[in-house]
Amino acid sequence: MTDPQSWAAWAGTHPVAVWGAGLALALAIAAGAWGAARAAAPRCAPWFTRWSEPRHAVPRLLVAMGASALLLWACAELLGEIAQEWAAPTAWARLDQVLAATLRDQAGVPTLTLFARLTHAGDKEVLTVLAIGVAIALWWRRHRLLAAGWVAALAGNGLLTRGFKHAFERVRPEHTHGVSSADGFSFPSGHSSSALVAYGMLAYLALRLLPPRWHLPALLAAVAVAFTVGWSRVVLQVHYASDVLAGWVTGGVWLACSMMVMNGVGHWHRGRSAALPA
């Protein structure tokens, strides 16, 4: 099972096993990255301390904005490469088709029902309620900049994903099982990008506001939900696997940009407040 088509045929026959294995791998990678970041923190502390001085507030914000612009450009280029690779008669394009066709033939109603329930974590209605609730809580607790950044991150990702959808105009795979349905363009997956940004931002807020014992659990929970929502879209046949990959790329890039700019704005605001006369 070394070629993509064989893997796709097996994955389409065992979607729950793929979910479990993929989830375990994603959590292991996240935990490993967290451990590496903690190990590197003492060595990076002096640099971060110097970079956090008030005189660096404006350069830090400009660097964050410039890096974000470069990341968004790279994201658009990468999505174009993915769309081109998967649109041509390549092995990866056949993976998309074989996986979708196998799921269409093999996925039973219990499996589809399970993933139809799990996919609700990325529904627009659920994320809208979450966005409003978290924004109100942050505003009430006087975290006004975090509240504004939270809203901007979720709203901006929605606009970015919609723009990419209309730029590529890919038609969704056929899904006639009736358990779940979706309309509109397929590439990139809006559920996948939105879940990654929303729950990733919740993990970021946990890192900023909660005690250290909650940091790793918040990160792992965000990874678990983002992966689950993405795979559910494939199992439900409302997206190709490449749509979900593109959604994760879009959401990951926008999440990184949002956090960089929020940190830059926060540092600039603190520097500006410190410069004001008492």
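Reader: Which residue just after α9 takes a positive phi?
Author: Good place to start, and keep in mind that this is a predicted model. Look just past the end of helix α9, where one residue has a phi of about 65°. That residue is Gln237.

Reader: How far apart are the end C-alpha atoms of helix α9?
Author: Helix α9 covers residues 215-235, which is 21 residues. At 1.5 Å a residue, a helix like this should span 30 Å. The model agrees with that expectation, because the distance between the end C-alpha atoms comes to 31 Å.

Reader: How many helices does the protein have, and how many strands?
Author: Follow the chain along its sequence and you read α-α-α-α-α-α-α-α-α-α. The count is therefore easy to state: ten helices and zero strands.

Reader: Which element gives the most residues to the largest nonpolar core?
Author: This core has 35 residues, and Leu79, Leu138, Trp150, Leu154, Met201 and Leu205 have the most contacts inside it. Two or more residues come from each of α3, α6 (124-140), α7 (144-168), α8 (190-209), α9 and α10 (241-275). With eight residues, the element that gives the most is α8.

Reader: What percentage of the protein's residues count as buried?
Author: A residue is called buried when its relative accessible area is under 20%. The protein has 278 residues, and the share that counts as buried is 42%.

Reader: Is Leu62 buried or exposed?
Author: Leu62 lies in helix α3, which runs over residues 57-87. The cut-off for exposed is over 50% relative accessible area. Leu62 has 55% relative accessibility, so this residue counts as exposed.

Reader: Which residues form a nonpolar patch on the surface together with Leu62?
Author: A general point helps here: an α-helix has 3.6 residues a turn, so residues three or four places apart point the same way. The patch has about 290 Å² of accessible area in total. Leu62's partners in it are Val58 and Met65.

Reader: Why is there no bond between the sulfurs of Cys75 and Cys257?
Author: Both residues are buried, because Cys75 has a relative accessible area of 2% and Cys257 is at 4%. A disulfide needs the two sulfur atoms within 2.5 Å. For Cys257, the closest cysteine sulfur is the one in Cys75, and it is too far for a bond. The distance that rules it out is 8.3 Å.

Reader: How many disulfides does the structure hold in total?
Author: The pair we just looked at is too far apart for a bond. The count for the structure fits with that, at zero.

Methods. Residues are numbered from 1 along each chain as its sequence is written. This is a predicted model: local features need pLDDT of at least 70, side-chain atom pairs count only at pLDDT 80 or more; totals for chains, interfaces and linings use all residues. Side-chain values use heavy atoms; hydrogens and water are left out. Helices (H or I, at least four residues) and strands (E, at least two) are DSSP runs, numbered from the N terminus. The expected span of a helix is 1.5 Å times one less than its number of residues. Patches are made of residues with over 30% relative accessible area and no salt bridge: like charges are joined within 9 Å, nonpolar side chains (Val, Leu, Ile, Met, Phe, Trp, Tyr) within 5 Å. Accessible areas come from the Shrake-Rupley method with a 1.4 Å probe; for residues, only the protein chains shown count as cover. A salt bridge is a side-chain nitrogen of Lys or Arg within 4 Å of a carboxyl oxygen of Asp or Glu. Buried means under 20% relative accessible area, exposed over 50%, partly exposed in between (1.4 Å probe, protein chains only). A nonpolar core is a set of buried Ala, Val, Leu, Ile, Met, Phe, Trp, Tyr and Cys residues joined through side-chain atoms within 4.5 Å.
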